[in-house]
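Me: Here's a model I've just loaded, and I'd like a close look at one sheet in it. Start there, strand by strand, and then work outwards to whatever helps put it in context.

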Amino acid sequence: MTSRTQISIEGMTCVSCARNIEGFIRTLPGVRSVEVSFPLEKAFVELDGSVIGAAEVAQKITANLGYKAFAESGMEEETAGEKEAKNHREEVRRQRNYAVISWLIAIPVMLGTFREYLGLSAFVPGILSNSYVLWLLTTPLMFGPGRQFFVGTYRGLKHGFTDMNLLVATGTGAAYILGIINTLFPNAGFGGPKVAFFETAALLIAFLVLGRYLEALTRGRASEAIKKLMGLKVKTARVVRNGAEAVIDIDAIVVGDLIIVKPGEKIPVDGIVREGYSAVDESMITGESIPVEKRAGDPVIGATINKSGLITCEAVKIGKDTMLSQIVKFIEEAQLAKPKIQKLADKVSANFILIVHVIALLVFLFWFFAGYDLFFAAGSKFLLSSTVLSSVPASVFAVLLSITVLIISCPCAVGLATPSAIMAGTAKGAEKGILIRGGDALERASKIQVVVLDKTGTLTKGQPSLTDLVKSADAEETEVLRLAASAEKGSEHPLGEAIVKAAEEKGMVMEKISDFEAIPGHGIKARVGGKQIYLGNRSLMADKNIPVPAALAAQMETLEGEGKTVMILAADGRIQGLIGVADTLKENSKKAVQKLQALGMKAVMLTGDNQRTAKAIAAKIGIKDVLAEVLPERKAEEIKKIQKEGYKVAMVGDGINDAPALTQAEVGIAIGSGSDIAKEAGQIILVKDDLRDIISAFDLSKKTMSKIKENLFWAFVYNALGVPIAAGILYPPLRLLVSPELAGLFMAVSSVSVTLNTLRLKRYQPKPI
């Protein structure tokens, strides 16, 4: 039996780790598919439970690759989330401690090394410049904070893969070994005891560990939205069992439990109000700041806040089925759907480390066999280094440049560029009530040219309501509505329900009826208060020989031209008036359509209604292109026709019959109040029933894609410029050489800067419409 599970993984240091773990899991029997997210530190695995279990996969990751892994499927969601948060806090604390230790050691090493060159002899003890003392100080740094790089390298090579650790271990290890050789064997030809390489190794470790610490901090901030959502969950609930109130753990709630929620308390799980009235703050889920009124029969969402009255709710969805849990799951899985732009980054980072080692080897060969003799100038120095290059032979010069190449290259910047932006974009969307199903949906949404909007339930409320009441010359409006509502009280037709609802809202009391009869295709008849009532269309009046006054007939034509269904009311053979009913437009439909058009997108209305009704409704909101009389099964075909004209199409719908069209479109946008099938088919889900969020979704998609392109641009530019400069390309004309220490700083800054640039998306706010 195939199932999808999550496995948390500790110890990943870069995207190469994620790729290597992904490759390993894919080789396991029973695994159908796998995606590993470095920012989320999770693997999402689809597997055959009869062949292999999630716990076994986690155990194999730990045993074979050395990363700490645990399966979340066997744990309560809250427990898994708490463990992840704890692990992240420990990682931040560990890297912070490493950074502090590294700099406490690196600074004395640097002062001792630079003592004679920067005029520091007045206050820096001479013993600190002794090569044996520098060796003594650097060693705990290499095997303490620096140990993680060597352990990671060993673990990778043991299992046949490479990652960022190999670059760091090669560079720092080479500097450390050269320092030992020059200390123990000063005549070995590597510059002698005066040429100290220990400060290179010490500063490299210090800069790199600082980079790890900053990266752990920023990565945690990028996933803050998920943590905030998880933090909204309630720990306990007050339920009614056996006629008595009891406070129980949230995990003990079962479907059907009656939950009492007092003012100011959070609603524990999704449910339905059974008793009471209140206003509920749903802003943490929908982004809507105004509290929503709730009365008996209304749905409520877990983790929202009961603001005013005491309510009793029946639990409908619990645990991982609640909307909050589904949103968290949605956001996490959204990180895994990769946009096309990431494929280039993946291809580059997949071979990056091998390519860099080849470049480093070529750099060594060039400077050792030719470059040193051709271009070397006595007295040259590396930036941020005390090493006087006049006393360094060609072999050491070539090794140092090779080390600098290894250190300055940064596959993490390339690998983090896309997933970090996707995480920030989808999280910000969820915060605003817009759920985006991954990077590919973001990418496609940023290119939309045509937006096709289903009419019923999307542009309109999907529920008929009374729009017009026209009385005859000798009748009263209130009497017309009272008689019509009384007659329709026994009807189950949606149009009749709209009339009854309008009367109830006005506080009218309906009379008892008798002799009720529904006349198919025509209307109804009934006796109300002794009067014979007929309510229906022209055909009904013609059959009963009841003439319609010319003035009312003209008004009826006008109302029908506006797309309304008009019913005629007759009492005891005389026309009393007209009642217009229509599926009214949602409050913000017109504003949303106007904004789409202002942004250069073409809006198209899709409906099964007749041309006359469809065009009347479209005219009200400013839509010129109308696809009317479209059968449900033909909606997807209409989307295909538009796509064949070369347009990128988004489809917005809410019903079951919209699902094929939502799937056919480049981007399917499902309304949150719609059917579960529509939401499953959509790539973007609007939690609120507000079409203005479509514009926000498109705007956020463009902002996120722009951030991805910025990140990739700077990551590629950094490596494209950094590696050649580290290789010494500027040395012949400018005598400029980047020191390995400076290279370490650049590498640390590059990956952190990508994440910091991404975090600017946290300030995104939808433009008011």
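The part I'm after is the open sheet that contains strand 13, and how its strands are paired.

Reply: Sure. Bear in mind that this is a predicted model. For a bit of scale, the protein chain has 769 residues, of which 54% count as buried, and it carries 27 helices and 26 strands.

Now your sheet. Six strands make it up, in the order 6-5-7-13-8-11, and the pairing is antiparallel. The sheet is open, with strand 6 (244-249) at one edge and strand 11 (299-300) at the other. Each of those has a single partner strand, so one side of each is left without a neighbour in the sheet.

Strand 13 sits in the order between strand 7 and strand 8, so let's take the two sides of strand 13 in turn. On one side, strand 7 (residues 258-261) runs antiparallel to strand 13 (residues 311-317), and four bridges hold the pairing. If you want to check the register, valine 261 has isoleucine 311 as its bridge partner in strand 13, while isoleucine 259 is matched with cysteine 313. On the other side, strand 8 (residues 270-276) pairs with strand 13 over six bridges, again in the antiparallel sense. There you can pick up the register from glutamate 275, whose bridge partner in strand 13 is threonine 312.

Cysteine 313 deserves a second look. With a relative accessibility of 3%, cysteine 313 counts as buried. Cysteine 17 is buried too, at 0%. Does a buried cysteine make you think of a disulfide? In general, that would be a covalent bond between the sulfur atoms of two cysteines. Here the count of disulfides comes to zero.

It's handy to put a second sheet beside yours. That one is also open and antiparallel, with six strands in the order 16-21-20-19-18-17. Strand 16 (460-471) and strand 17 (513-519) are its edge strands, each pairing on one side only. From one strand to the next, the twist averages 20 degrees. Inside that sheet, strand 18 (residues 523-528) and strand 19 (residues 531-536) run antiparallel and are joined by six bridges. One of the matched pairs there is alanine 526 with isoleucine 533.

Going further out, contacts spanning long stretches of sequence are well represented: among those between residues at least 6 apart, 69% join residues at least 24 apart. For a concrete case of parts separated in sequence, try serine 8 in strand 1 (residues 2-10). Its C-alpha is 6.4 Å from that of alanine 71, although the two are 63 residues apart along the chain. Serine 8 itself is buried, at 3% relative accessible area.

Then there are the aromatics, with 14 pairs in the count. Tyrosine 176 and phenylalanine 198 have ring centres 6.0 Å apart and planes at 65 degrees, so that pair is edge-to-face. It links tyrosine 176 in helix 6 (residues 164-184) to phenylalanine 198 in helix 7 (residues 198-222), 22 residues apart. Tyrosine 176 counts as buried at 9%, and phenylalanine 198 does as well, at 1%.

Phenylalanine 713 and tryptophan 714 make another edge-to-face pair, at 5.1 Å centre to centre with 75 degrees between the planes. The surroundings read differently this time: phenylalanine 713 is partly exposed at 48%, and tryptophan 714 is exposed at 55%.

Last stop is an aromatic cluster made up of Phe366, Trp367, Tyr372, Phe375, Phe376, Phe397 and Tyr731. Tyrosine 731 also has a charged companion: arginine 735 lies over its face, 5.0 Å from the ring centre.

To come back to your sheet, strand 13 is the place to start clicking, with strand 7 paired to it over four bridges and strand 8 over six.

Definitions and conventions
Residues numbered from 1 in each chain as written. Predicted model: local features only at pLDDT ≥ 70, side-chain atom pairs only at ≥ 80, totals over all residues. Heavy atoms only, no water. Pairing = 2+ DSSP bridges. Axes fitted to C-alpha atoms, helices over the stretch in contact; angles between N-to-C directions. Phe/Tyr/Trp six-rings, centres within 6.5 Å; stacked < 30°, edge-to-face > 60°. Buried < 20%, exposed > 50% of the residue type's maximum accessible area, 1.4 Å probe, protein only. Lys NZ or Arg CZ within 6 Å of the ring centre and 35° of its normal. Disulfide = S-S within 2.5 Å. Contact = heavy atoms within 4.5 Å.
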